[in-house]
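Please open the model in a viewer and keep the sequence panel visible. The tour below proceeds by selections, each followed by a description of what is found there.

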Amino acid sequence: MNTTRNALAAAGAGALLIGTLSTFASSCTPATAAPPALAAAATMSTATGISVSGGEHLSASPSVSSSGAIKSAGGSVSTPSGAVVASGISLEAGAGFAEARVTSVRVGGTTVGPFTATCRNGAITTSAPKSGSGNLKVSPGGHGIAGVITVTTSTAPTRTKESGAPNKPTSGTAITVTVATVSCGAGTPPPPTGNPPSGTRPAPTHKPGAPGTSRPGVPGQRHQQGDNPGDRTAPKPQPKPGHVAVTG
């Protein structure tokens, strides 16, 4: 475990920090036919985020698979010690299609990314950053793997008592991180369900008022004289023949 910790410390100090996406040099593999092992599973598609082996361990996670409608998964994952962390994971898989995207992977103090692997009807394309400095290296994975990150350890040279010549330093792999893996066969995902057919409209929910009903008045509006029978005044009496005028 001390050896692994030393390797992670060296990765943070000696490896080049991969910065923003504009500074990445992407390594793209052109679309190629799927290997026989992948073509055999013609009805099942899979996509996984990362897996870690060596001094740190993590099974393929997250993961999604489907032989029909497209299913999705994603998020962030890390090893139990937190030495390896993958962020911005987005996975999709359905009949004849699979895609895995990982925005960044941090190993020790070094962060690299993004990684992308896509499979369409058995043809796979991958993309990963190029980097190699110190004891951390990123290389193309092949066979549906976007990239593989390796962190190595080395021992300092020592002198032998017999000849006085130094021994050659020895090295070994401390951690291996497999990033963004996909597989698929031929097929077409069915359309999503639950949506109304195009060109149709839902029935209106508003119902017109019954005949003879009046529209409610607007607040603050004054009624004109004659609008309401109760507002009318009695007509002035007119004199008729035979009536005597009262004087006073």
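**The whole chain**

Begin with the protein chain in cartoon form, coloured by secondary structure: it has 2 helices and 13 strands. The model is a predicted one. Of the 248 residues in the protein chain, 32% count as buried. Switch to a surface representation next; the protein chain exposes about 15,900 Å², of which carbon and sulfur atoms supply 56%. A contact map of the protein chain offers a further view: among contacts with a separation of 6 or more, 56% are between residues 24 or more positions apart.

**The nonpolar core**

Return to the cartoon and select Ile50, Val105, Phe115, Ile149, Val177 and Val179 as sticks. In the largest nonpolar core, which has 34 residues, these six touch the most other members. Strand β13 gives this core its largest share, 6 residues. In general terms, nonpolar side chains tend to be buried together in soluble globular proteins.

Now centre the view on Val177. Which residues is Val177 in contact with, leaving aside its neighbours within four places in sequence? They are Ile50, Ser51, Val52, Val84, Val105, Val107, Gly147, Val148 and Ile149.

**The β8–β9 hairpin**

Select residues 115–120, which make up strand β8, together with β9; the two pair in the antiparallel sense over 5 bridges. One bridge to display joins Ala117 to Thr126 of β9. Strands β8 and β9 form a hairpin with 2 residues between them. In the turn, Asn121 has a positive phi of about 50°. Strand β9 itself, residues 123–129, is mostly covered, with 5 of its 7 residues buried.

**The disulfide**

Remain with β8 and select Cys119 along with Cys184. These two cysteines form a disulfide, and their sulfur atoms are 1.9 Å apart. The count for the model comes to 1 disulfide. Where do the two partners lie? Cys119 belongs to strand β8, whereas Cys184 is in the segment after β13 (171–183), so the pair ties together parts that are 65 residues apart in sequence. Inspect the torsion about the S-S bond as well: at -75°, the link of Cys119 and Cys184 is left-handed. Both Cys119 and Cys184 are buried.

**Ser65 and Ser66 in β3**

Move to strand β3, residues 58–66, and select Ser65, which is found there. Then add Ser66, also placed in strand β3. Is Ser66 buried or exposed? Ser66 counts as buried because its relative accessibility is 6%, under the 20% cut-off. Ser65, with a relative accessible area of 36%, is partly exposed, because that class lies between 20% and 50%.

Show the surroundings of each serine in turn. Leaving aside neighbours within four places in sequence, Ser65 is in contact with Met44, Ser45, Thr46, Lys71 and Ala93. On that basis, Ser66 touches Thr43, Met44, Ser45, Lys71, Ala93, Gly94 and Ala95, where residues up to four places away in sequence are not counted. To see a polar approach at Ser66, display Gly68: the backbone nitrogen of Gly68 lies 3.1 Å from a polar atom of the Ser66 side chain.

As a last selection, add Ser183 to Ser65 and draw the C-alpha to C-alpha distance. Ser65 and Ser183 are 9.4 Å apart in space and 118 residues apart in sequence.

Methods. Residues numbered from 1 in each chain as written. Predicted model: local features only at pLDDT ≥ 70, side-chain atom pairs only at ≥ 80, totals over all residues. Heavy atoms only, no water. Buried < 20%, exposed > 50% of the residue type's maximum accessible area, 1.4 Å probe, protein only. Helix = DSSP H or I, 4+ residues; strand = E, 2+ residues; numbered from the N terminus. Pairing = 2+ DSSP bridges. Contact = heavy atoms within 4.5 Å. Areas by Shrake-Rupley, 256 points an atom, 1.4 Å probe, with all protein chains shown as cover. Disulfide = S-S within 2.5 Å. Polar contact = N/O pair within 3.5 Å; in protein donor to acceptor, adjacent residues only side chain to side chain. Core = buried A, V, L, I, M, F, W, Y, C linked by side-chain atoms within 4.5 Å.
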